[in-house]
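Subject: Structure handover

Hello,

Here is the structure we spoke about. Please open it alongside this message, and the notes below should then be simple to follow.

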Amino acid sequence: MNSRKLLKTTFQNKKEIVSVVFDGINDYDLFINKVKETYNIPSTEEVQIFNKKFLIKPNIFTDLVEQYLSSTDFILDVNLINDNSSYSTSDSNDELESQASSSQNIIFGSTQPQVIRTLTCITDDIFNQSQGNIFIDKNAYPSVPSTEEIKEYPEIKQLLQCNSLQNKDRTIIAKSIVSNILSQNVNRRLYKDDLLQLSQSIIEVFPSEVRETYYVPFTKGHLAKGKLFDAYNNKRTQLSAAGLINRRENVENKCEYA
(Lines give C-alpha, C1' and ligand atoms only; values in the text may rest on other atoms or scores of the structure.)
Protein backbone atom coordinates (compact mmCIF):
# COMPACT_ATOMS: atom_id res chain seq x y z
CA MET A 1 0.00 0.00 0.00
CA ASN A 2 1.38 3.40 -0.98
CA SER A 3 1.95 5.91 1.81
CA ARG A 4 3.40 9.41 1.79
CA LYS A 5 6.26 10.19 4.14
CA LEU A 6 7.58 13.60 5.11
CA LEU A 7 11.24 13.14 5.99
CA LYS A 8 13.60 15.70 7.44
CA THR A 9 16.88 15.71 5.55
CA THR A 10 20.19 17.53 5.38
CA PHE A 11 22.65 17.86 2.54
CA GLN A 12 25.86 19.79 3.02
CA ASN A 13 24.62 23.00 4.71
CA LYS A 14 21.05 22.74 3.50
CA LYS A 15 17.95 21.39 5.22
CA GLU A 16 14.77 20.26 3.48
CA ILE A 17 11.69 18.20 4.25
CA VAL A 18 11.41 15.63 1.48
CA SER A 19 7.97 14.31 0.54
CA VAL A 20 8.08 10.83 -0.95
CA VAL A 21 5.46 8.15 -1.61
CA PHE A 22 6.59 4.72 -0.37
CA ASP A 23 5.35 1.65 -2.22
CA GLY A 24 6.73 -0.86 0.28
CA ILE A 25 9.17 -2.35 -2.23
CA ASN A 26 11.35 0.37 -3.74
CA ASP A 27 11.22 2.84 -0.84
CA TYR A 28 14.97 3.45 -0.66
CA ASP A 29 15.31 4.13 -4.39
CA LEU A 30 12.22 6.34 -4.38
CA PHE A 31 13.70 8.34 -1.51
CA ILE A 32 17.09 8.68 -3.20
CA ASN A 33 15.47 9.92 -6.41
CA LYS A 34 13.40 12.47 -4.50
CA VAL A 35 16.44 13.65 -2.56
CA LYS A 36 18.39 14.22 -5.76
CA GLU A 37 15.47 16.17 -7.18
CA THR A 38 15.08 18.26 -4.02
CA TYR A 39 18.76 19.18 -3.72
CA ASN A 40 19.46 19.33 -7.46
CA ILE A 41 21.97 16.49 -7.22
CA PRO A 42 22.87 15.08 -10.67
CA SER A 43 21.26 11.71 -11.27
CA THR A 44 24.69 10.22 -12.03
CA GLU A 45 26.00 11.06 -8.56
CA GLU A 46 26.01 8.24 -6.00
CA VAL A 47 24.77 9.12 -2.54
CA GLN A 48 24.60 7.46 0.86
CA ILE A 49 22.13 8.04 3.66
CA PHE A 50 23.18 8.35 7.29
CA ASN A 51 21.41 8.77 10.60
CA LYS A 52 23.55 9.96 13.49
CA LYS A 53 26.66 9.03 11.53
CA PHE A 54 25.50 5.46 10.88
CA LEU A 55 25.18 4.34 7.30
CA ILE A 56 21.65 3.16 6.50
CA LYS A 57 21.56 0.14 4.22
CA PRO A 58 18.74 -0.11 1.66
CA ASN A 59 17.37 -3.35 3.08
CA ILE A 60 16.55 -1.81 6.49
CA PHE A 61 15.61 1.68 5.28
CA THR A 62 11.83 1.16 5.35
CA ASP A 63 11.83 -0.44 8.81
CA LEU A 64 14.01 2.32 10.20
CA VAL A 65 11.75 5.06 8.83
CA GLU A 66 8.61 3.33 10.16
CA GLN A 67 10.11 2.97 13.62
CA TYR A 68 11.67 6.41 14.01
CA LEU A 69 9.65 8.74 11.79
CA SER A 70 7.68 10.10 14.76
CA SER A 71 10.87 10.98 16.61
CA THR A 72 11.54 14.72 16.54
CA ASP A 73 15.29 14.23 16.12
CA PHE A 74 15.05 11.71 13.28
CA ILE A 75 16.98 13.32 10.43
CA LEU A 76 18.42 11.63 7.35
CA ASP A 77 21.79 13.00 6.32
CA VAL A 78 22.57 12.82 2.60
CA ASN A 79 26.20 12.48 1.54
CA LEU A 80 27.86 12.18 -1.83
CA ILE A 81 30.06 9.09 -1.90
CA ASN A 82 32.92 11.09 -3.40
CA ASP A 83 32.44 14.02 -1.04
CA ASN A 84 35.47 14.50 1.24
CA SER A 85 33.17 16.01 3.86
CA SER A 86 31.29 12.71 4.27
CA TYR A 87 31.49 10.90 7.56
CA SER A 88 34.89 9.35 8.09
CA THR A 89 36.59 6.93 10.43
CA SER A 90 38.01 9.69 12.62
CA ASP A 91 35.06 9.59 15.03
CA SER A 92 36.00 8.48 18.52
CA ASN A 93 35.40 4.91 19.63
CA ASP A 94 33.33 6.07 22.58
CA GLU A 95 30.96 8.02 20.36
CA LEU A 96 30.54 5.13 17.94
CA GLU A 97 29.91 2.61 20.70
CA SER A 98 27.39 4.90 22.35
CA GLN A 99 25.47 5.35 19.12
CA ALA A 100 25.54 1.62 18.39
CA SER A 101 24.11 0.83 21.83
CA SER A 102 21.35 3.43 21.61
CA SER A 103 20.31 2.05 18.23
CA GLN A 104 20.18 -1.62 19.22
CA ASN A 105 16.83 -2.26 17.53
CA ILE A 106 18.04 -1.16 14.09
CA ILE A 107 20.61 -2.96 11.94
CA PHE A 108 23.15 -0.43 10.71
CA GLY A 109 26.01 -0.98 8.29
CA SER A 110 29.30 0.69 7.56
CA THR A 111 31.40 0.88 4.44
CA GLN A 112 34.46 1.80 6.51
CA PRO A 113 36.51 -1.27 7.51
CA GLN A 114 38.59 0.82 9.92
CA VAL A 115 35.49 1.62 11.94
CA ILE A 116 34.67 -2.08 12.13
CA ARG A 117 38.12 -2.95 13.47
CA THR A 118 38.14 -0.22 16.12
CA LEU A 119 35.01 -1.47 17.83
CA THR A 120 35.57 -4.21 20.39
CA CYS A 121 31.96 -5.35 20.15
CA ILE A 122 28.91 -4.39 18.09
CA THR A 123 25.34 -4.85 19.29
CA ASP A 124 24.15 -6.40 16.05
CA ASP A 125 25.05 -9.99 15.23
CA ILE A 126 24.30 -9.81 11.50
CA PHE A 127 26.68 -6.87 11.12
CA ASN A 128 29.37 -8.89 12.87
CA GLN A 129 28.89 -12.07 10.88
CA SER A 130 28.86 -10.19 7.57
CA GLN A 131 32.50 -9.27 8.14
CA GLY A 132 33.50 -12.92 8.35
CA ASN A 133 36.23 -12.42 10.98
CA ILE A 134 34.55 -13.02 14.32
CA PHE A 135 34.98 -16.21 16.35
CA ILE A 136 31.82 -18.32 16.37
CA ASP A 137 31.23 -21.40 18.50
CA LYS A 138 29.31 -23.37 15.91
CA ASN A 139 28.73 -26.21 18.39
CA ALA A 140 26.30 -23.93 20.19
CA TYR A 141 23.92 -23.98 17.23
CA PRO A 142 22.12 -26.84 15.47
CA SER A 143 22.61 -27.46 11.77
CA VAL A 144 20.39 -25.62 9.31
CA PRO A 145 17.53 -27.49 7.59
CA SER A 146 18.52 -29.96 4.91
CA THR A 147 17.43 -29.70 1.28
CA GLU A 148 14.81 -32.39 1.86
CA GLU A 149 13.42 -30.58 4.90
CA ILE A 150 13.19 -27.31 2.98
CA LYS A 151 11.23 -29.07 0.24
CA GLU A 152 8.56 -29.92 2.82
CA TYR A 153 7.84 -26.34 3.81
CA PRO A 154 4.27 -25.51 2.63
CA GLU A 155 5.32 -22.28 0.86
CA ILE A 156 8.13 -24.11 -0.93
CA LYS A 157 5.85 -26.95 -1.98
CA GLN A 158 3.49 -24.49 -3.62
CA LEU A 159 6.29 -22.84 -5.57
CA LEU A 160 7.54 -26.19 -6.84
CA GLN A 161 4.45 -26.22 -9.05
CA CYS A 162 5.51 -23.00 -10.81
CA ASN A 163 7.19 -23.11 -14.21
CA SER A 164 9.35 -20.10 -13.37
CA LEU A 165 9.91 -17.99 -10.29
CA GLN A 166 9.26 -14.26 -9.96
CA ASN A 167 11.10 -11.91 -7.62
CA LYS A 168 8.24 -12.08 -5.11
CA ASP A 169 8.55 -15.88 -5.12
CA ARG A 170 12.23 -15.65 -4.27
CA THR A 171 11.38 -13.38 -1.35
CA ILE A 172 8.81 -15.92 -0.16
CA ILE A 173 11.41 -18.70 -0.33
CA ALA A 174 13.88 -16.74 1.81
CA LYS A 175 11.25 -15.64 4.31
CA SER A 176 9.87 -19.16 4.62
CA ILE A 177 13.27 -20.67 5.38
CA VAL A 178 14.26 -17.98 7.88
CA SER A 179 10.85 -18.02 9.62
CA ASN A 180 10.94 -21.79 10.01
CA ILE A 181 14.41 -21.68 11.52
CA LEU A 182 13.65 -18.86 13.95
CA SER A 183 10.30 -20.35 14.93
CA GLN A 184 12.29 -23.12 16.62
CA ASN A 185 14.47 -20.65 18.50
CA VAL A 186 14.18 -16.88 18.16
CA ASN A 187 17.75 -16.47 19.40
CA ARG A 188 19.13 -18.74 16.68
CA ARG A 189 21.94 -17.00 14.77
CA LEU A 190 22.59 -17.56 11.08
CA TYR A 191 26.21 -17.09 10.07
CA LYS A 192 28.13 -17.09 6.82
CA ASP A 193 28.42 -20.87 6.52
CA ASP A 194 24.73 -21.30 7.37
CA LEU A 195 23.62 -18.87 4.69
CA LEU A 196 25.93 -20.42 2.12
CA GLN A 197 24.53 -23.86 2.88
CA LEU A 198 20.94 -22.61 2.71
CA SER A 199 21.51 -20.86 -0.62
CA GLN A 200 23.01 -24.07 -1.98
CA SER A 201 19.95 -26.01 -0.82
CA ILE A 202 17.68 -23.54 -2.59
CA ILE A 203 19.32 -24.09 -5.97
CA GLU A 204 19.09 -27.84 -5.39
CA VAL A 205 15.35 -27.47 -4.84
CA PHE A 206 15.02 -24.95 -7.69
CA PRO A 207 17.77 -25.79 -10.22
CA SER A 208 17.01 -22.78 -12.40
CA GLU A 209 17.80 -20.38 -9.56
CA VAL A 210 21.14 -18.61 -9.00
CA ARG A 211 22.80 -19.09 -5.63
CA GLU A 212 24.05 -15.49 -5.46
CA THR A 213 20.46 -14.26 -5.54
CA TYR A 214 20.06 -15.61 -2.03
CA TYR A 215 23.40 -14.90 -0.43
CA VAL A 216 26.69 -13.19 -1.30
CA PRO A 217 29.07 -13.02 1.68
CA PHE A 218 31.01 -9.96 2.73
CA THR A 219 34.18 -9.19 0.82
CA LYS A 220 36.47 -6.19 1.15
CA GLY A 221 34.58 -3.17 -0.11
CA HIS A 222 31.28 -5.04 -0.51
CA LEU A 223 28.72 -5.73 2.20
CA ALA A 224 26.94 -9.06 2.42
CA LYS A 225 23.65 -9.20 0.51
CA GLY A 226 20.96 -11.48 -0.87
CA LYS A 227 17.41 -12.62 -0.23
CA LEU A 228 18.33 -14.82 2.74
CA PHE A 229 20.52 -12.13 4.26
CA ASP A 230 17.71 -9.57 3.96
CA ALA A 231 15.07 -11.96 5.31
CA TYR A 232 17.18 -12.76 8.37
CA ASN A 233 18.07 -9.11 8.84
CA ASN A 234 14.42 -8.01 8.72
CA LYS A 235 13.16 -10.85 10.91
CA ARG A 236 15.68 -10.06 13.64
CA THR A 237 14.63 -6.41 13.50
CA GLN A 238 10.98 -7.41 13.92
CA LEU A 239 11.77 -9.74 16.83
CA SER A 240 13.82 -7.04 18.52
CA ALA A 241 11.10 -4.42 18.05
CA ALA A 242 8.58 -6.86 19.56
CA GLY A 243 10.81 -7.36 22.59
CA LEU A 244 11.34 -11.07 21.87
CA ILE A 245 15.12 -10.78 21.62
CA ASN A 246 17.59 -8.40 23.21
CA ARG A 247 20.55 -7.51 21.03
CA ARG A 248 22.23 -5.43 23.70
CA GLU A 249 23.23 -8.57 25.59
CA ASN A 250 25.33 -9.57 22.57
CA VAL A 251 27.88 -6.92 23.57
CA GLU A 252 28.94 -8.91 26.62
CA ASN A 253 29.05 -12.22 24.77
CA LYS A 254 30.94 -11.31 21.59
CA CYS A 255 34.69 -11.64 21.50
CA GLU A 256 37.04 -9.08 20.00
CA TYR A 257 37.89 -8.90 16.34
CA ALA A 258 41.11 -10.56 15.28
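What follows is a short account of the cores, one buried threonine and the salt bridges.

Please keep in mind that this is a predicted model.

Nonpolar cores

The largest nonpolar core has 27 residues, and those touching the most other members are Ile173, Ile177, Leu190, Leu198, Phe206 and Leu228. At least two residues of this core come from each of α7 (154-159), α8 (167-184), α9 (192-205) and α11 (227-241). Helix α8 gives the largest share, six residues. A second core, separate from that one, has 22 residues, among them Phe11, Val47, Ile60 and Phe74. As background, nonpolar side chains in soluble globular proteins tend to be buried together.

Leu198 is a useful place to start looking at the larger core, as one of the residues that touch the most other members. Which residues is Leu198 in contact with, leaving aside neighbours within four places in sequence? They are Val144, Pro145, Ile150, Ile177, Ile181, Leu190 and Leu228.

Thr147

Thr147 belongs to helix α6, which covers residues 147-151. Is Thr147 buried or exposed? Its relative accessible area is 15%, and the cut-off for buried is under 20%, so Thr147 counts as buried. Not counting residues up to four places away in sequence, Thr147 touches Ser201, Glu204 and Val205. With Ser201 there is also a polar contact, side chain to side chain, at 3.1 Å.

Salt bridges

The whole structure contains seven salt bridges. Three of them are described here, beginning in the helix that holds Thr147.

- Lys151 and Glu148: the closest N and O atoms are 3.6 Å apart. Both residues lie in helix α6, three residues apart, which is about one turn of the helix. Lys151 has a relative accessible area of 27%, which makes Lys151 partly exposed.
- Arg170 and Glu209: the closest N and O atoms are 2.7 Å apart. This pair links distant parts of the chain, with Arg170 in helix α8 and Glu209 in the loop between α9 and α10 (211-214), 39 residues apart. Glu209 has a relative accessibility of 8% and therefore counts as buried.
- Arg188 and Asp194: their side chains meet at 3.6 Å, N to O. Both Arg188 and Asp194 are buried.

Regards

Key
Residues are numbered from 1 along each chain as its sequence is written. This is a predicted model: local features need pLDDT of at least 70, side-chain atom pairs count only at pLDDT 80 or more; totals for chains, interfaces and linings use all residues. Side-chain values use heavy atoms; hydrogens and water are left out. A nonpolar core is a set of buried Ala, Val, Leu, Ile, Met, Phe, Trp, Tyr and Cys residues joined through side-chain atoms within 4.5 Å. Buried means under 20% relative accessible area, exposed over 50%, partly exposed in between (1.4 Å probe, protein chains only). Helices (H or I, at least four residues) and strands (E, at least two) are DSSP runs, numbered from the N terminus. Contact means heavy atoms within 4.5 Å. A polar contact is a pair of N or O atoms within 3.5 Å; within protein, one must be able to donate a hydrogen and the other to accept it, and residues adjacent in sequence count only if both atoms are side-chain atoms. A salt bridge is a side-chain nitrogen of Lys or Arg within 4 Å of a carboxyl oxygen of Asp or Glu.
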